Amino acid sequence: MKLSFRWYGKDDPVKLDYIRQIPTMRSIVTAVYDVPVGEVWPRESIAELKKMVEDKGLVFDVIESVPVHEDIKLGRPTRDKYIESYKENIRRLAEAGIKCICYNFMPVFDWTRTQLDHVLPDGSTDLVYYKDQVEKMDPLTGELSLPGWDASYKKEDLKDLFDAYGKLTEEDMWDNLKYFLENIIPVAEECDVKMAIHPDDPPWNIFGLPRIITCEKNLDRFLKLVDNPYNGLTLCTGSLGCSKLNDMVHIVDKYSAMGRIHFMHLRNVKILDDGGFEESAHYSGCGSLDMVAILRVLYKNGFDGYLRPDHGRMIWGETGRPGYGLYDRALGASYITGIWETLCKLDK
Ligand code: DNO
């Protein structure tokens with residue numbers, strides 16, 4: 001298991017100097033953020049990131065994310081141009097030492113929550129998804145923006161995208177994903193870069209937009225689209241695990257045994273009776289997921305991919321990027337390291 005931590009580059013209030021003080025921290029997970037989706041990342045920007053990370057004694061070998069242009073997801077004729085850029089990004093990142101690239105295939109919006117500062121009884125805040133709040137959200141006004149969303153869309157762009165997705169079936173999405181994979185996976189293999197799709201978060205359709213990377217059946221289908229170890233998963237426990245229908249221990253066990261999990265995101269969530277959820281501290285008792293059981297199956301299957309603590313609460317008065325403060329993610333990292341050390345020692 002290679003412990004890693006997400007860092008948003010030089011403007012991130014969480015400094016590399018602090019991240020490297022977390023025991024056993026190895027890799028930095030980052031991206032070039034100032035290039036529009038679909039364009040090629042300048043070699044200089046990649047080199048700059050690499051230098052910043054390596055100067056602090058950390059490893060630069062995972063990217064999250066190289067985003068996929070909407071025209072690829074929609075199967076528009078212009079997709080080939082964007083696929084060529086994507087391939088070039090894989091090549092350039094490989095030249096810089098990258099071994100794993102995380103991406104997603106969610107239409108328009110990445111991860112979605114209804115409130116980013118929900119106050120817990122202990123005074124910390126977390127991210128929540130409440131069913132009654134989501135019904136009142138209208139993304140088409142362009143006023144709504146979440147940290148994971150591409151903020152460059154104008155109201156008109158959003159309207160066009162919604163219209164285009166309105167004409168698309170889930171089967172069309174599968175065809176478009178297959179076309180994308182058939183083009184990029186040979187390049188990834190040639191460059192020895194493991195591609196790791198992130199599940200849809202939450203794993204159901206939102207705002208009427210189709211979502212397909214949502215459950216075991218669909219993960220099986222995804223892996224078979226191009227049945228090659230370079231076509232793998234970012235297994236995010238919080239994304240898939242906020243649906244009661246997904247048995248996370250079984251899912252992690254199954255795909256890690258197959259060697260198809262390249263990147264683990266460990267996050268805990270508390271599933272509510274009405275199907276909504278609240279993100280929680282990593283500790284199993286705080287949420288609905290059993291972190292020890294999840295790590296145990298990874299250990300059993302000899303998992304040697306990347307793993308990072310995902311979203312944390314805001315604690316100890318920290319302010320910053322929702323889900324991505326330092327303190328609670330560092331607690332999560334230490335909790336995970338503790339479980340992993342225990343598993344290793346019990347095995348001796
Ligand atoms: C949420 C993240 C996601 C993830 C993308 C991958 O916090 O895990 O935004 O980075 O979906 O493309």
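# Notebook: ligand shell, helix packing and a four-stranded sheet

I began with the ligand and sorted its shell by residue class: four residues are nonpolar, seven polar and two charged. The model is a predicted one. I then listed the neighbours and found 13 residues around the ligand, with Ser-65, Asn-104, Trp-111, Gly-148 and His-198 the closest. I asked which element gives the largest share of the shell. It is strand β4, residues 100–104, with three residues.

**Entry: backbone at Ser-65 and elsewhere**

Ser-65 came up again when I went through the peptide bonds. The bond from Glu-64 to Ser-65 is cis, and its omega is near -5 degrees. I placed Ser-65 in the loop that runs between β3 (59–64) and α3 (70–74). This residue is also one of the closest to the ligand.

I noted another cis peptide bond between Asp-201 and Pro-202, where omega is about -5 degrees. Pro-202 sits in the loop between β7 (194–198) and α8 (216–225).

Next I looked at phi. Val-108 is not a glycine, yet it has a positive phi of about 60 degrees. I located Val-108 in the loop between β4 and β5. I wrote these sites down because most residues other than glycine have a negative phi, and most peptide bonds are trans.

**Entry: the open sheet**

I traced a sheet of four strands. It is open, its order is β5-β6-β11-β10, and the pairing is antiparallel. Which strands stand at the edges? They are β5 (115–119) and β10 (268–271); each has a single partner strand, so one side of each has no neighbour in the sheet. I also took the turn between neighbouring strands, which is 40 degrees on average with direction ignored.

I then went through pairs in the sheet. Strand β6 (residues 125–129) and strand β11 (residues 277–280) run antiparallel and are joined by two bridges. I followed Tyr-129 across to β11, where its bridge partner is Phe-277.

On to β10 and β11: four bridges join these antiparallel strands. Asn-268 has Ser-280 of β11 as its bridge partner. I checked the connection and found a hairpin, with five residues between β10 and β11. In that turn, Gly-275 has a positive phi of about 100 degrees.

**Entry: α4 against α7**

I turned to helix packing. The axes of helix α4 (residues 79–95) and helix α7 (residues 170–191) come within 10 Å, and they cross at roughly 15 degrees. That angle makes α4 roughly parallel to α7, the limit for this being under 35 degrees. I recorded the crossing of α4 and α7 as right-handed.

For the contact, I listed Ile-83, Tyr-86, Lys-87, Ile-90, Arg-91 and Ala-94 on the α4 side. They meet Phe-180, Asn-183, Ile-184, Val-187, Ala-188 and Cys-191 of α7. Sorted by class, the contact of α4 with α7 has nine nonpolar residues, one polar and two charged.

**Entry: α11 and its two contacts**

I looked up α11 in two pairings, beginning with α10. Helix α10 (residues 248–257) packs on α11 at an angle of about 15 degrees, and the axes are 9 Å apart. I therefore entered α10 and α11 as roughly parallel to each other. Their crossing is right-handed. From α10 the contact takes Met-248, Val-249, Val-252, Asp-253 and Ser-256, and from α11 it takes Ala-293, Ile-294, Val-297 and Leu-298. By class I have seven nonpolar, one polar and one charged for the contact of α10 with α11.

Then I took α11 with α12. Helix α11 (residues 291–300) and helix α12 (residues 327–346) pack at about 50 degrees, and their axes are 10 Å apart. α11 and α12 are therefore oblique to each other. I noted that this crossing, too, is right-handed. On α11 the contact residues are Met-291, Val-292, Leu-295, Arg-296 and Tyr-299. On α12 they are Ile-336, Ile-339, Trp-340 and Leu-343. How many residues of each class make the contact of α11 with α12? I have eight nonpolar, no polar and one charged.

Methods: Residues are numbered from 1 along each chain as its sequence is written. This is a predicted model: local features need pLDDT of at least 70, side-chain atom pairs count only at pLDDT 80 or more; totals for chains, interfaces and linings use all residues. Two strands pair if DSSP finds at least two bridges between them. Axes are lines fitted to C-alpha atoms, for helices over the stretch in contact, and angles run from 0 to 180 degrees between N-to-C directions. Angles under 35 degrees count as roughly parallel, over 145 as roughly antiparallel, 65 to 115 as roughly perpendicular and the rest as oblique. A crossing is left-handed if the near helix is turned anticlockwise from the far one by less than a right angle, and right-handed if clockwise. Two residues are in contact if their C-beta atoms, placed from the backbone, lie within 7 Å. Ala, Val, Leu, Ile, Met, Phe, Trp, Tyr, Cys and Pro count as nonpolar, Asp, Glu, Lys and Arg as charged, and the others, Gly among them, as polar. A residue is near a molecule or strand if its C-beta atom, placed from the backbone, lies within 6 Å of it.
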